[in-house]
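Hi,

Here is the structure I promised to pass on. Have a look at it first, and my notes follow underneath.

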There are 2 protein chains.
Amino acid sequence: MLDPVSWKLDSGRVIRAFEPDIDDYRGKLRIIDQTLLPEQLEYIETCDVKEVYACIKRLAVRGAPAIGCAAALGLAAGAFRVVTADKEKFLNTVKGFADELASSRPTAVNLFWALNRCTAKLCASAADDGSVDTLKIILLHEALDILAEDINMCRTIGEYGLSLLREGAGILTHCNAGALATGDYGTALSPMYAAHERGMKFTVYSDETRPLLQGSRLTAWELSQVGIDVVSICDNMAAQVMKEGKIDLVIVGSDRIAANGDAANKIGTYGVAVLAKYHHIPFYVAAPYSTVDITLEHGGLIPIEQRDGDEIRRGFGKLTAPEKVKVYNPAFDVTPHELISGIITERGILTPPFSHKLKEIIKS
Amino acid sequence: MLDPVSWKLDSGRVIRAFEPDIDDYRGKLRIIDQTLLPEQLEYIETCDVKEVYACIKRLAVRGAPAIGCAAALGLAAGAFRVVTADKEKFLNTVKGFADELASSRPTAVNLFWALNRCTAKLCASAADDGSVDTLKIILLHEALDILAEDINMCRTIGEYGLSLLREGAGILTHCNAGALATGDYGTALSPMYAAHERGMKFTVYSDETRPLLQGSRLTAWELSQVGIDVVSICDNMAAQVMKEGKIDLVIVGSDRIAANGDAANKIGTYGVAVLAKYHHIPFYVAAPYSTVDITLEHGGLIPIEQRDGDEIRRGFGKLTAPEKVKVYNPAFDVTPHELISGIITERGILTPPFSHKLKEIIKS
């Protein structure tokens, strides 16, 4: 389980998308309202399941690992406030909470995984002796375990990825696979936090990542909060900064990795990978091994979500394209494995060919 | 000189960034206020030099050829309203107008060229007999000649470029090198207007072109006004639409072409060219031969203007990046000649190697 003391020691070093209130040991949550970034840093303090649901639904907290952790902690916090000594009644109420939270983002796999893990633990423990109060503690510990594992995953990816960074390096990233998307240092950004902690100087070029601007609103913001040198660029400037020799390395996150190493990530990632190849710049994907979907032979089988056209037409609250013009708005693209120099996981950095190595790490 | 009858016949077929009022044969100008697009289509009607100056300065009219034409017509309109029979006094007043207009956009070469041509014509004609009223007509005719030549340039580029288009084609363009940037059909967009007039069906994918969104605000708007099938995409989606086989051809404009064929254009063009190369898609540059700067051996000698960081940080009147975050905001990039399949000019389509052919066309 998460050690409250080490958590508190660590918490000054990184922006946390959400955190449990360790002093109030009943799982109260503090969540950064990411919809207000970068203009305002505001925290929502809550122990109410409905409010946690709303935070996930309206993207106040986003990023698959972050959503999973926040939902588990929200479930525990809600459970603490159920007033009953009847275990069955308690279990049913908590399962209802879990169902409610699970409906907040229907596509986020980590969300279901974390909530199922919590309710499964609760059901298994309910058969034992022990009161409802004991179950509440068990549930909170399970949620904190999920968070601790996420923190550990981030840190380990950071340590592995650190070996790729050099003093004075220029690193390009796309979208936000950082602290605001996970329970800790993120995935793609974790090696940068690890390097920064060791006093290494380097510059991160952050693609703004249209249409939702996670790069400029979130990545540029979270890195600058801890004093990492970050330069915000429009997506269409990536080629130019590469040409000027400013980029030594690209690191991005991933939402799903197929068995052959093809990696789905935020739209625009594939283009960055092609540009990196043309400029002979190494292109790395950082993701937990749980991202690997071994059931998919190749990336062509990963479904690409099409999103609402108004994200492009009025993405800034203002009409920036003709009102009824057709748009094409895929949320993700797939980078084929042949453009990927390596996959940084918490079980090591995999280099091509990936197929066999991906099979091995998910087994281990 | 421009034939008023054919102008009027043509004028229904294309959106015109600006146009002289042919009925009121004293050069009154109608200018689309492009700063209001795509939300509102509003025309500014003026015959006042100060107002034309303001229109150019605040980008109500933009695009190098359009600025040159509008300034010349604005000068003629202003001259018509000078009340004097004294030729020298008239000449000095008009030269003052020209100086004022020239100061509106200090880097637009076409602007100085057009204004110098008008005042040179006026000075040469002042030595002849003939009254101030005659000089006013001569000046207007010179301005209309400039416009007629620009129209002719656009149409000829369109006819040459037409040979590259096929029924059902997908064409990608970046920024706006269309009707809103010239006196007529534009450069990069001219072949599309020519094909549309002949009833050809095709789809244009228009990069939105951050930071100033000329693609989504202007290109998508002007093409959809005449019923051309256009799809607005974020810049970072170009690679994906290419990968999906949606693009058969890329056509972009250019601001300056070096002696070896390297072409400067709006930031993001170079990245599109690299992506086109990777996907084996032909990449064409369309520009009048006057764009060729034979004094520059290669594109590395073209200075790249750096623009204000707030175009990226608050491009839409809203803060979309941390307020003080560093940004890198080059206005242009240079596409090396080896990525260019051909240069479409009003003197034919040049194919690689370009050096000798570029020298020839500027001589002819």
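Which residue of chain B does A:Lys326 form a salt bridge with? The partner is B:Asp229, and the closest N and O atoms of the pair are 2.6 Å apart. Keep in mind that this is a predicted model.

That pair sits in a bigger picture, so here is the interface. Across the contact between chain B and chain A there are four salt bridges. On each side the contact takes in 53 residues: 53 of chain B touch 53 of chain A. Together the chains bury about 4,400 Å², with carbon and sulfur atoms giving 66% of that area. On the chain B side, B:Asn236, B:Tyr270 and B:Tyr328 lose the most area to chain A, together 15% of what that side buries.

How are the two copies arranged? Chain B superposes on chain A after a rotation of 180° with 0.0 Å of shift along the axis, at an RMSD of 0.1 Å. The copies are thus related as by a two-fold rotation axis. Also, 100% of the interface residues of chain B are interface residues in chain A too, so the copies meet through the same surface.

Now the empty space. I get three cavities of 30 Å³ or more, and the largest has a volume of about 170 Å³. Its lining is made up of 19 residues, with A:Asp235, A:Leu275, B:Asp235, B:Asn236 and B:Leu275 lying nearest the centre. Helices H9 (238-243) and H10 (269-278) of both chain A and chain B each give two or more residues to that lining. By class, the lining has eight nonpolar, seven polar and four charged residues.

Cheers

Key:
Residues are numbered from 1 along each chain as its sequence is written. Chains are lettered from A and ligands numbered from 1 in the order in which they are written. This is a predicted model: local features need pLDDT of at least 70, side-chain atom pairs count only at pLDDT 80 or more; totals for chains, interfaces and linings use all residues. Side-chain values use heavy atoms; hydrogens and water are left out. On a 1 Å grid over the protein atoms alone, a cavity is a set of points where a 1.4 Å probe fits but cannot get out, and a pocket is an open set with protein on both sides within 12 Å along at least five of seven lines; lining residues have an atom within 4 Å of a point. Grid points are joined across faces, edges and corners, and a volume is the space filled by probe spheres set on the points. Helices (H or I, at least four residues) and strands (E, at least two) are DSSP runs, numbered from the N terminus. Ala, Val, Leu, Ile, Met, Phe, Trp, Tyr, Cys and Pro count as nonpolar, Asp, Glu, Lys and Arg as charged, and the others, Gly among them, as polar. Copies are superposed by least squares on the C-alpha atoms of residues with pLDDT of at least 70 in both. Contact means heavy atoms within 4.5 Å. Buried area is the accessible area (1.4 Å probe) that two parts lose on being put together, summed over both. A salt bridge is a side-chain nitrogen of Lys or Arg within 4 Å of a carboxyl oxygen of Asp or Glu.
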